[in-house]
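Dear colleague,

I am passing on the structure we spoke about, with the sequence alongside. Please have it open while you read the notes that follow.

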Amino acid sequence: MNYDTKLLDSSKKSVEYAGELIRQGEVVGMPTETVYGLAANALDPEAVKKIFIAKGRPQDNPLIVHISRMEMLEGLVTEIPELAKKCAGEFWPGPLTMILPKRGIIPYTTSAGLDTVGIRMPSNKTARALIDASGVPLAAPSANLSGSPSPTKAIHVYNDMNGRIPCILDDGGCAVGVESTVIAFEGDNIRLLRPGFISVEDLKTVCENVTVDKGVTEAVAADAVVASPGMKYKHYAPKADVTIIDGSLEDYRKYCAENADKETVLMVFNESDAEGMGLKAIVYGCDSKQQAQKLFDVLRQLDELNIKKVFARCPKKTGVGLAVYNRLLRAAGFQVIKL
Ligand code: TXA
Ligand code: MG
């Protein structure tokens, strides 16, 4: 692994070049509406192995397979429940991954030994063009080194993957900013395994019974049997010691005034949240959508600025806010102060 990594635009020419690399069994940095991905031919175990190596990803964490057309789905899974069709109709193309029983054509390297596979049809035009140019479904995890925040800009991918992959397609900042919602089907129920832009409230418009997996808001033991292997891993961890402060703005300010030291940085919704406190502040957005878009970039900045300690205002836990909370909770190693 010693590539001269090219940072390319997302023109037709670049996409065709990247598609050719994928046909040759290489791994390419791919923009999507959620986060950047590391894409390879999902049907080629040797190509998929290169993804795990580039990321330093544990072998037992399965990859999501990306498609560009509904017809591709039937060739990859043995069964498409009515509810899955409904979800696809409502939310595809877009940031929703559905766990379905896989066909033999999907190698166990891609599904990490599972008999199911996560499938998603992205809405990002460059991602779709790359799938079409490659002519195959693309396995793609987030394009960060394992343990780093997911990349929401091409430069994040470059910083993590320089030398590890041949090229990255740059399509600007990701519109959503957090990874796709992951769901599984259990009879007439939808089980939410990972919250994302498609919220519980959105899912309830197609299905009455939506259950949220415990792992979404609680720590999972390293040896636990989980529905989604990704839940076990300590994700998105900045070097800083992050604590989430759950309470009103007034309570937050009071807590910070009493407990912050000179090194503490406040991670807030608006600059005014930290006004007059004499402490450094980083703004991560005044509503859940903005917070989703900026969160991973802010987590990377904490490391770049060598910040040691952070008191973060707690995001809302509804709508897209649940996805923001879920990611921040992991970045904080589940340290929450409830006021
Ligand atoms: O938005 C996204 O989903 C991005 C972009 C690139 O599409 N991809 C992404 O992939 O976030 P990754 O590998 O970082 O996260 C995939 C998550 C993991 O938590 C994994 O455990 C879970 O999906 N997953 C994948 N296949 C699964 C399966 N068959 N059963 C249960 N969970 C699965
Ligand atoms: Mg990831």
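Please bear in mind throughout that this is a predicted model. Its sheet is an open one, built from eleven strands in the order 1-8-2-3-7-4-6-5-9-10-11, and the pairing within it is mixed. The edges are taken by strand 1 (6–8) and strand 11 (209–212), each of which has a single partner strand, so that one side of each is left without a neighbour in the sheet. At the strand 11 edge, strand 10 (residues 189–194) runs parallel to strand 11 and is joined to it by four bridges; within this pairing, Ile 190 has Val 210 of strand 11 as its bridge partner.

I also looked at Ser 142, which sits in the loop that leads from strand 7 (138–139) to helix 7 (154–161). With a relative accessibility of 17%, Ser 142 falls under the 20% limit and therefore counts as buried. Its side chain makes a polar contact of 2.7 Å with the side chain of Asn 144. Leaving aside residues up to four places away in sequence, the residues that Ser 142 touches are Val 35, Tyr 36, Gly 37, Leu 38, Lys 55, Ser 150 and Pro 151.

Turning to the overall layout, the domain assignment of the protein gives two parts, domain 1 (6–216) and domain 2 (241–338). The contact between them draws on 27 residues from domain 1 and 16 residues from domain 2, while the C-alpha centres of the two domains lie 28 Å apart.

Between them, domain 1 and domain 2 bury about 1700 Å², of which 54% is on carbon and sulfur atoms. On the domain 1 side, the residues that lose the most area to domain 2 are Pro 149, Val 178 and Pro 195, which together account for 28% of what that side buries.

As for the polar side of this interface, eleven residue pairs in polar contact are found across it, with both residues at pLDDT 80 or more, and the count of salt bridges between domain 1 and domain 2 is three. In a salt bridge of 2.7 Å, N to O, the side chain of Arg 327 meets that of Glu 179. Helix 7, strand 10 and helix 8 (200–203) each supply at least two residues of the domain 1 side that touches domain 2; strand 10 is thus named here as well as in the pairing with strand 11 described above.

With best regards

Notes: Residues are numbered from 1 along each chain as its sequence is written. Chains are lettered from A and ligands numbered from 1 in the order in which they are written. This is a predicted model: local features need pLDDT of at least 70, side-chain atom pairs count only at pLDDT 80 or more; totals for chains, interfaces and linings use all residues. Side-chain values use heavy atoms; hydrogens and water are left out. Two strands pair if DSSP finds at least two bridges between them. Buried means under 20% relative accessible area, exposed over 50%, partly exposed in between (1.4 Å probe, protein chains only). A polar contact is a pair of N or O atoms within 3.5 Å; within protein, one must be able to donate a hydrogen and the other to accept it, and residues adjacent in sequence count only if both atoms are side-chain atoms. Contact means heavy atoms within 4.5 Å. Domain bounds come from an automatic or database domain assignment. Buried area is the accessible area (1.4 Å probe) that two parts lose on being put together, summed over both. A salt bridge is a side-chain nitrogen of Lys or Arg within 4 Å of a carboxyl oxygen of Asp or Glu.
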